[in-house]
Amino acid sequence: MNVRSQMSMLFHLDKCIGCHTCSVSCKNLWTDRRGAEYMWWNNVETRPGTGFPTQWEDQEHFQGGWKLEKGKLKLNLNSRTMGLLKLFYNPSLPDLKDYYEPFTFRYEDLFNAPEGDDQPTAVPVSKITGEEMDIETGPNWDDDLSGSNIYANNDLNLEGLSPETKAQLHELERLVYLYLPRICNHCLNPSCVAACPSGAIYKRGEDGVVLVNENTCRAWRMCVASCPYKKIYYNWDSGKSEKCILCFPRMETGQAPACAHSCVGRIRYMGVLLYDADQIPAAVEVPDDELVEAHLETILDPHDPDVIQAARENGIDDGWIEAAQKSPVYSFLKEWKIALPLHPEYRTMAMMYYIPPLSPVISTIEEGLFRLDLTEEEHTFETFDRLDTARVPIKYLANLFTAGEEEPIRKILTKLQAVRVYNRRKSLEGSVDEVARKALQTAGLSPEEAEGIYQLTTKPTIEDRFIFPPYHREMSIEAENDPLKHSGTTGLGYIQPPKRGG
Amino acid sequence: MLDETAKSRLEGEGKLMGYVTPHGKWSIHSTYSDNEHMMTLSRGDYPVWINKDDARELGIKDNDWVELYNDNGVFVQRAIVSSRIPKETVFVYHATERTINTPKSPLRGNKRAGMNNSLTRVRLKPVLMSGGYAQFTYAFNYWGPTGVNRDTFVFVRKIEKPDY
């Protein structure tokens with residue numbers, strides 16, 4: 001057992017309202033500068049939709065992630081030899097069309113326009129060339145679209161849905177959309193790291209944050225193509241690749257990353273996960289239908305004395321072990337088993353997790369008409385039998401979170417519904433009655449677990465949502481340098497004195 | 001008296017549709033929604049949402065330019081085609097500014113088109129103006145009933161790229 005620690009984020013999709021506050025706070029903090037205009041380290045996609053960059057899940061084109069070839073793990077992008085031969089030719093690299101041409105407006109025209117008989121207006125101009133431009137696409141172009149012949153229909157996750165279900169996604173009162181916030185997944189088996197010819201990308205020891213060493217980066221951009229989530233971007237101004245850094249300077253000082261901290265819906269949870277690095281090689285080489293299970297298997301129980309012992313032997317601080325024991329991510333992921341990684345079939349072992357959303361109001365069908373109100377018969381609200389007609393198709397969620405396996409999604413949605421029933425009965429009947437007990441039994445939850453899920457879902461304070469360990473930067477800096485020289489700073493992955501004065 | 005399409009009916013070949021202007025997704029309280037990041041996260045303008053069947057009928061594709069007009073005014077913007085919009089209705093998020101990305105209207109002498117409220121008109125409810133409603137009595141610019149300027153009827157037509 002080789003115990004390591006990872007800072008992980010969990011997204012409770014039922015709570016996401018699609019306000020994009022996370023995207024804007026991330027943008028303001030990190031990427032509002034030349035060369036980074038088009039980067040959205042955090043973005044929120046409306047699904048079904050094509051996402052950002054457009055159709056990033058199309059790995060036949062973008063060649064991201066890993067594949068199994070004769071039972072062996074291979075980079076989708078290239079082999080080592082081919083990587084060397086094709087160093088200057090990389091057709092799977094996304095270009096500006098796949099992202100968008102960043103734009104602004106010529107605001108000065110509002111003041112400087114020549115006198116005329118019409119009011120001036122600020123026209124859109126490109127942020128790259130400065131020329132006037134037609135805005136044809138953007139980083140959130142299909143926002144709230146839901147049914148759309150161009151965007152929603154080209155969502156690759158609709159694969160395997162029946163024609164009726166696909167048609168339903170265009171029908172007023174039956175269509176549905178959900179928001180999918182995305183940051184870098186800080187994977188356990190990152191394909192960006194593997195693809196970098198310069199060895200510039202590394203996974204930080206203490207918290208597993210994947211970082212680009214900008215001093216070593218030589219702009220080969222293999223990482224951009226190889227990241228299946230398209231979360232590494234190339235800065236055309238500095239000539240270096242950049243990515244989400246999980247706001248580590250904030251985490252090192254005990255603050256949540258900007259996206260998580262500013263989240264209006266409070267959908268984001270953060271905590272430490274302990275995992276067994278020895279299990280990773282086996283976990284990424286199992287068949288598709290065992291991927292999620294093998295992935296979750298590598299996450300260790302932080303209360304297990306053996307795990308604690310092994311963690312200490314690996315130099316993991318007691319503060320980190322304690323944080324792992326309190327981690328809300330661990331509770332959702334392992335204790336209650338209602339969270340999943342995004343696209344496990346990329347085999348990168350994404351370490352950001354999602355709780356799949358319950359559907360909006362479940363409509364009943366009467367004489368060919370959809371009723372949105374629920375009739376007051378027994379069991380109508382207890383809708384386990386209606387999971388297959390849920391407005392968010394189970395197969396769609398399965399394509400997103402479980403490599404197409406419907407059973408794990410079904411189990412999770414049943415649990416979430418059981419919690420709903422449990423709370424409804426409790427407030428209606430004043431106690432946990434037979435119906436609630438039966439619902440919990442079907443879902444395999446105890447009343448304590450249901451209560452736990454309910455509390456952490458609906459009522460968590462900021463202290464419940466974010467459990468940060470003490471980072472002890474002073475110790476890791478001390479190993480290499482005089483800590484006094486670094487007072488007041490946090491580690492950027494490499495040492496560079498600040499430029500001050502003229 | 002309520003007909004806002006009598007004169008404009010004679011002007012062009014647009015389709016008569018319902019028009020609603022709900023509260024903007026991107027406008028929180030009184031903050032400006034027209035800053036660069038918010039415009040980037042929407043579509044860089046204040047598009048007209050239209051049902052996919054109406055769009056097909058009018059030959060409109062997603063992001064095509066459309067012109068909305070009635071007796072009150074004219075609004076020129078791009079279209080968003082979505083299944084979420086009921087048939088024969090278009091909507092534009094309300095309270096935009098004319099300062100950004102507002103083209104000229106080919107129908108109305110190539111003058112700068114208006115914003116979404118150019119098409120609507122505030123109407124006062126006569127019974128409220130008569131006074132005697134609790135402590136309220138109508139007085140110009142002092143107290144009046146809230147405006148009902150959020151919906152009306154408009155003609156919708158597809159246009160080529162307009163001038164700025």
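1. The crossing of helices α12(A) and α13(A) is right-handed, and this is a convenient place to start reading the structure, which is a predicted model. The two helices cover residues 305–313 and residues 318–326 of chain A, and their axes come within 10 Å of each other and cross at roughly 145 degrees. Two packed helices are described by the angle between their axes and the distance between the axes.

2. Looking at the residues that make this helix pair, one finds A:I308, A:A311 and A:R312 on the side of α12(A), where they meet A:D318, A:I321 and A:Q325 of α13(A). Sorted by class, the contact of α12(A) with α13(A) is made of three nonpolar residues, one polar residue and two charged residues.

3. The meeting of the two chains deserves a careful look, for 36 residues of chain B are in contact with 44 residues of chain A. Within chain B, the residues that lose the most area to chain A are B:H37, B:L41 and B:R84, which together account for 19% of what that side buries. The size of an interface is often given as the accessible area lost when the parts come together. For chain B and chain A the buried area is about 3300 Å², and carbon and sulfur atoms give 53% of that area.

4. Charged and polar pairs also link the chains, with a count of six salt bridges between chain B and chain A. A salt bridge is formed by A:D117 with B:K111, where the closest N and O atoms are 2.8 Å apart. Across the interface of chain B and chain A there are, in addition, 26 residue pairs in polar contact, counting pairs in which both residues are at pLDDT 80 or more.

5. On the side of chain B that touches chain A, the elements giving two or more residues are α1 (36–41), β4 (74–82) and β7 (111–112) of chain B. The element α1(B) gives the most to this side, with six residues. By class, the side of chain B that touches chain A holds twelve nonpolar, eleven polar and 13 charged residues.

6. Over all chains the structure holds 40 salt bridges, and one within chain A joins A:E132 to A:R106, with the closest N and O atoms 3.0 Å apart. Because A:E132 lies in the loop between β6 (124–126) and α5 (163–168) of chain A, and A:R106 in the loop between β5 (103–105) and α4 (109–112) of chain A, the pair ties together parts that are 26 residues apart in sequence.

7. The backbone of chain A has some points to check by eye, among them a cis peptide bond from A:R47 to A:P48, with omega near 0 degrees. A:P48 lies in the loop between β2 (43–47) and α2 (59–62) of chain A. The loop between β2 and α2 of chain A is also the place of A:P53, which is joined to A:F52 by a cis peptide bond with omega of about -10 degrees.

8. A last backbone point concerns A:H186, which has a positive phi of about 40 degrees although it is not a glycine. A:H186 is found in the loop between β7 (178–182) and α6 (191–195) of chain A.

Definitions and conventions
Residues are numbered from 1 along each chain as its sequence is written. Chains are lettered from A and ligands numbered from 1 in the order in which they are written. This is a predicted model: local features need pLDDT of at least 70, side-chain atom pairs count only at pLDDT 80 or more; totals for chains, interfaces and linings use all residues. Side-chain values use heavy atoms; hydrogens and water are left out. Contact means heavy atoms within 4.5 Å. Buried area is the accessible area (1.4 Å probe) that two parts lose on being put together, summed over both. A salt bridge is a side-chain nitrogen of Lys or Arg within 4 Å of a carboxyl oxygen of Asp or Glu. A polar contact is a pair of N or O atoms within 3.5 Å; within protein, one must be able to donate a hydrogen and the other to accept it, and residues adjacent in sequence count only if both atoms are side-chain atoms. Helices (H or I, at least four residues) and strands (E, at least two) are DSSP runs, numbered from the N terminus. Ala, Val, Leu, Ile, Met, Phe, Trp, Tyr, Cys and Pro count as nonpolar, Asp, Glu, Lys and Arg as charged, and the others, Gly among them, as polar. Axes are lines fitted to C-alpha atoms, for helices over the stretch in contact, and angles run from 0 to 180 degrees between N-to-C directions. A crossing is left-handed if the near helix is turned anticlockwise from the far one by less than a right angle, and right-handed if clockwise.
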